[in-house]
Amino acid sequence: MSKALFQNGSYINGQWLTKGNTFVVDNPATQVTIAEIQNAGEQDVLEAVDAAYKALPAWRAKTANERSSILRKWFELIMQQQDELATLLTQEQGKPIAEAKGEIAYGANYIEWYAEEAKRIYGDTIPSLANDSRIVIVKQPVGVVAAITPWNFPNAMIARKVAPALAAGCTFVVKPASEAPLSALALAELGEQAGIPKGVFNVVVGTDAAAIGKVLTQDSRVAKFSFTGSTAIGKLLLSQCASTVKKVSMELGGNAPFIIFEDADIDAAVQGTIVSKFRNAGQTCVCTNRILVHESIAKEYTQKLIAAVQNLKVGKGSEEGIDIGPIITNKAAKNIKCLLAKSIDSGAKIEFGEIQSNLGENFLNPVVISNVTQDMDIAQNEIFGPIAPIIKFKTEEEAIKIANDTNVGLAAYFYSRDIGRVWRVSEALEYGMVGINSGSVSNPAAPFGGIKQSGMGREGSKYGIDDYLEIKYLMMSGLEK
């Protein structure tokens with residue numbers, strides 16, 4: 001591991017924080033401490049906001065090509081260090097090394113995408129009602145952007161926010177999750193090497209989430225706030241932003257249905273389930289949470305799913321050939337086991353698997369359960385673990401009703417070969433993203449985000465940069481011919 005990539009303090013105004021008390025970061029697979037991190041507090045985040053505010057005029061004054069070149073260099077450095085960054089990510093977060101490499105590339109692809117989009121922030125002209133006037137629309141950076149990101153994708157969730165912000169001409173302050181802050185600090189190091197000026201990209205790492213969050217949401221110098229995390233915390237942060245009427249984007253919880261209709265390719269649906277349900281040990285906001293299967297194919301699908309799940313290997317993410325790594329903390333593992341126990345008490349049946357692995361408390365085996373009903377806690381709450389609950393349905397209308405019976409609407413998936421059904425179900429599902437005959441929906445070219453209580457705004461695609469821009473209308477009059 002390169003010493004430069006392994007930093008242990010916040011990055012503020014181009015400097016590494018070296019003062020104050022510390023907190024530890026543990027490897028979730030071994031529960032051994034891998035780093036002691038300087039614990040930033042309220043004063044440190046104020047300094048970061050101040051640095052971003054002061055750096056804003058010079059950064060937004062750069063041409064689109066200048067910002068694009070720096071982002072492109074950042075992308076190249078990240079990909080050159082992909083293996084080292086993946087190793088660091090696996091150490092702090094636990095996901096299998098192959099998945100970690102995929103996350104590094106996934107995050108870097110957002111930086112590459114927005115390096116190009118920086119040059120495509122187009123304005124507009126609108127026909128005027130008078131011959132001596134013109135209506136012109138220009139887009140300008142919103143200003144200082146603050147973000148709070150989660151532990152499950154400690155590299156990509158930052159890249160997905162910072163890339164469009166910097167491309168638009170904004171400056172940035174991010175608080176990564178204290179469970180997995182090392183990937184964020186490594187990004188800051190490579191950003192500095194790429195030529196990002198001091199104050200433009202700041203990383204504040206600390207355990208006092210309430211104090212840091214209060215500054216990021218209530219400081220009037222912050223023009224936009226972005227958050228990825230739970231719906232409950234998102235609501236709190238959203239209310240805190242109200243005092244300064246910030247521009248806000250929220251990517252919150254999900255409860256993704258995975259529907260298999262009777263005309264589906266069952267083998268393809270099983271593979272899609274494996275991808276969607278068990279990636280990152282089920283610890284993603286777009287993971288399948290409920291599997292809805294038509295009653296006529298439920299037995300065949302379940303048998304084939306169990307056969308596929310049997311091949312999944314649980315273990316330390318640093319080992320080759322591992323499919324499912326550890327759960328992030330003991331507390332999270334206990335919550336998952338509690339959800340499973342409640343579902344069994346309510347009448348669900350374990351078709352395959354024993355949840356607790358003999359590898360340690362943080363390791364959970366994949367489990368397939370049947371006889372699940374929509375009113376069970378396991379169907380109403382995000383599992384965030386490797387449990388696959390199967391719910392049977394009889395009709396297309398029933399499947400849609402069950403799928404939409406939730407107050408969130410991030411991602412949904414369904415398998416069907418009926419083109420009419422594809423359109424009907426796609427339009428009827430109350431979700432921001434729908435995977436059709438696919439268990440994966442994320443890529444930089446597509447707008448990522450949800451509806452209902454899954455949040456607001458979009459990340460990625462040409463639409464994602466809009467959240468970091470303000471539209472200004474210019475009325476030009478007195479233009480006599």
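The largest pocket of this predicted model has a volume of about 1,100 Å³. Its lining comprises 42 residues. Closest to the centre of this pocket are W151, E179, G229, S230 and I233. Four elements give two or more residues to the lining. These are α7 (209-218), β10 (222-228), α8 (231-241) and α11 (330-345). Helix α11 provides the largest share, with five residues. By residue class, the lining of the largest pocket holds 22 nonpolar, 14 polar and six charged residues.

The second largest pocket has a volume of about 460 Å³. It is lined by 24 residues. E99, F153, V275, R279 and T284 are the closest of these to the pocket centre. Three helices, α4 (97-117), α5 (156-168) and α9 (266-278), each supply at least two lining residues. The lining of the second largest pocket divides into 13 nonpolar, five polar and six charged residues.

The pockets belong to a protein chain with 15 helices and 22 strands. The radius of gyration of the chain is 23 Å, close to the 23 Å given by the globule rule for 481 residues, so the chain is as compact as a globular protein of that length. Along the principal axes, the C-alpha atoms of the chain fill a box of roughly 75 × 60 × 40 Å.

Two of the sheets are described here. Strands of a sheet pair through backbone hydrogen bonds, in either a parallel or an antiparallel sense. One open sheet has seven strands. The strand order is β14-β15-β16-β13-β12-β18-β19, and the pairing is mixed. Strands β14 (349-352) and β19 (433-436) form the edges, each pairing on one side only. From one strand to the next, the twist of this sheet averages 25 degrees.

At the β14 edge, the partner strand is β15 (residues 367-370). The two strands pair in the antiparallel sense over three bridges. Within this pair, I350 stands opposite I369 in β15. At the other end of the strand order, β18 is followed by the edge strand β19. Helix α14 (residues 419-428) lies across β18 (411-415) and β19. The helix runs at about 160 degrees to β18.

A further open sheet has three strands, in the order β5-β6-β22. Its pairing is antiparallel. The edges are β5 (124-126) and β22 (469-476), and each of these strands pairs on one side only. The twist of the three-stranded sheet averages 25 degrees from one strand to the next. Strand β6 (residues 134-141) lies between β5 and β22 in the strand order. Eight bridges join β6 to β22, and the two strands run antiparallel. Across this pairing, V138 stands opposite K472 in β22.

Notes
Residues numbered from 1 in each chain as written. Predicted model: local features only at pLDDT ≥ 70, side-chain atom pairs only at ≥ 80, totals over all residues. Heavy atoms only, no water. Pairing = 2+ DSSP bridges. Axes fitted to C-alpha atoms, helices over the stretch in contact; angles between N-to-C directions. Contact = heavy atoms within 4.5 Å. 1 Å grid on protein atoms, 1.4 Å probe; cavity = no way out; pocket = protein on both sides within 12 Å on 5 of 7 lines; lining within 4 Å. Points joined across faces, edges and corners; volume = space filled by probe spheres on them. Nonpolar A, V, L, I, M, F, W, Y, C, P; charged D, E, K, R; others polar. Rg over C-alpha atoms; globule rule 2.2 N^0.38 Å.
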